[in-house]
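The exercises below are meant to be worked with the sequence and the coordinates side by side. Each task is followed by a solution that proceeds step by step.

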Amino acid sequence: MHLIQVDSVQRWMEDLKLMTDCECMCVLQSKPISIEKDEENEFVLSSQHSTCDNLQLLLKRAWIISTEFTRIAQKLEKNKWQRVHSMTVRVNCHVRSMINEHNMFTRNSSEEMHQFEKLLIDKCSEFTTFTERCIQIEDEQIQKSMKSCINETLCTVAHYFGQLIELILTHETQNLLRQIELSDNVYITELALSSLFSLTQEGAHLCRIIAKEGGVVALFKICRQDCFRGLYPQTLRTLASVCCVEEGMHQLEKVDGILCLADILTDSSHSEATRAEAAAVVAQITSPHLTFTQHLSSFLENMEEIVTALVKLCQEASSGEVFLLASAALANITFFDTVACEMLLQLNAMKILLAACSDKQIVDTPYSRDQVVTILANMSVLDQCASEIIQGNGVQLLLEMLFEKSSSGNSAEAAACERVQQKSAVTLARLSRDPEVANAAVKLSCIPRLVKLCRSPTERNNSDSVLVACLAALRRLAVMSPEGLEDLDFQQLVKPRLVDSFLLCTNMEESFV
């Protein structure tokens, strides 16, 4: 505390406010004036542009500063005034370094951006001076009374910082899109696309900025020029990312993007990679999890040719990844309407999907099986589906899916396995209204497996949704073939109300600690 009052240190602090050299900033930001050791929480960031794309460097710096704001608030809450000040000094350094780095690589910055930069630097300096004044006050009551003022100043600095980052990202997005729109050079366009795709991976907010600045329009413009055919896969991959937000969907609707996707999917002269990425865009825009569906009216107009092309892509897929993308798009489409399911039935999709499942090189992950069984579950509402399942040995496949287990222990894969088990049980329950399917299920010993899934939580990864689906399938099979169940299973899993059987099978251990 007393060190800060030494004249030389005061002079150093004053000089620091005017310093803009990147390397000095990077050194200073990791050396707070504090005797408290907090090395594990220090952030050190290299300013060497050769090792990191400029935009990625900016985003990393922004993330660090945002994290520091949170940590300052936490230290302030605990009244650690010395740490609050040293961290404020470090934030000041980070902000100046970020602005300096951005000005080194940016072009034609707006006057508004320069004003925000100056405003933010002034506010950071004011904040640093304020916290320095606090640590010189030894009266704890006065310090506590200043806490609300510091909090308010911190919120103001964070607000200005957020606005500046928004301006910078918008400006850089505009530059990238301008390159894409004006360049006829494949190499330059590819570099701009790569940077744009990197931005989309930073979250929904950046995707909204890209969509708002006309990113979807620019990307579809590439997809309509033969000279850029080699860039179609990369362009479509970027489009799929941007279309995860509502603003991207609105733009897609305005430029007839669905018609363009249909043209790509139905044109066999395009590479398989291009058609697979187009399928990925379709999968994204038809996701049942989306809350905005205004674009679906134009999709329905082109649905028949899109579905036909996707079924063909599933049939001809040369790899598991291509099959996954095409089947994911089909799975999402089947949630629309039974019309989509009827189309698939007419296109022999059931036979194609069942055949693909026997090829372990194509349907090679729980994620692919999840898409297949989703399609089967949605198609199983159609009465004609039962005969297709019998002919394609589909009941055997559904039984195998009831044994789906994660081999890696990965949480995402485990969740996919649960979905496969649940949907295969749902499909069995729906199809077992047909006596032929029910008899086939009984003969293949589906009932013992369903009972095991109900009674053993570990077999279903403690999933309640799998349990409910298995109970429903058991009850349907018991109606068609009651002799297939042991008496105890019938008394506990079939005869009671569904909710009572569910509670019986659920692990009901309670803690009263």
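**Exercise 1.** In which loop is Asn462 found? Locate this residue in the predicted model, and then examine its backbone together with that of Asn461.

*Solution.* Begin with the position: Asn462 is found in the loop between α24 and α25. Asn461 is found in the loop between α24, which covers 446–455, and α25, which covers 464–480. Turn next to the backbone, where Asn461, although not a glycine, has a positive phi of about 55°, and where the phi of Asn462, again a residue other than glycine, is positive and near 60°. Finally, consider accessibility: with a relative accessible area of 40%, Asn461 is partly exposed, because this value falls between the limits of 20% and 50%.

**Exercise 2.** Decide whether Asn92 is buried or exposed, and describe its surroundings.

*Solution.* The residue is first placed in helix α4, which comprises residues 81–105. Its relative accessibility is 7%, and Asn92 therefore counts as buried, the limit being under 20%. As to its partners, the side chains of Asn92 and Arg96 are joined by a polar contact of 3.0 Å. When neighbours within four places in sequence are left aside, Asn92 is in contact with Cys124, Ser125 and Thr128.

**Exercise 3.** Establish how many disulfides the model holds, and consider Cys244 in particular.

*Solution.* The criterion is a pair of cysteine sulfur atoms within 2.5 Å, and by this rule the count comes to 0 disulfides. For Cys244, the nearest cysteine sulfur is that of Cys207, at 4.1 Å, and Cys244 is in no disulfide. Accessibility can then be added for two cysteines: Cys244 counts as partly exposed at 32% relative accessibility, whereas Cys93, with a relative accessible area of 2%, is buried.

**Exercise 4.** Determine how many aromatic pairs the structure holds, characterise the one formed by Phe69 and Phe161, and then find what sits over the ring of Phe403.

*Solution.* The structure holds 2 aromatic pairs. One of them is formed by Phe69 and Phe161, with 5.7 Å from centre to centre and 75° between the planes, an arrangement that is edge-to-face, since the angle is over 60 degrees. This pair links distant parts of the chain, as Phe69 lies in helix α3 (residues 54–77) and Phe161 in helix α6 (residues 140–182), 92 residues apart. Both Phe69 and Phe161 are buried. For the last part, the ring of Phe403 has the charged end of Arg449 sitting over it, 4.1 Å from the ring centre.

Notes:
Residues numbered from 1 in each chain as written. Predicted model: local features only at pLDDT ≥ 70, side-chain atom pairs only at ≥ 80, totals over all residues. Heavy atoms only, no water. Buried < 20%, exposed > 50% of the residue type's maximum accessible area, 1.4 Å probe, protein only. Helix = DSSP H or I, 4+ residues; strand = E, 2+ residues; numbered from the N terminus. Polar contact = N/O pair within 3.5 Å; in protein donor to acceptor, adjacent residues only side chain to side chain. Contact = heavy atoms within 4.5 Å. Phe/Tyr/Trp six-rings, centres within 6.5 Å; stacked < 30°, edge-to-face > 60°. Lys NZ or Arg CZ within 6 Å of the ring centre and 35° of its normal.
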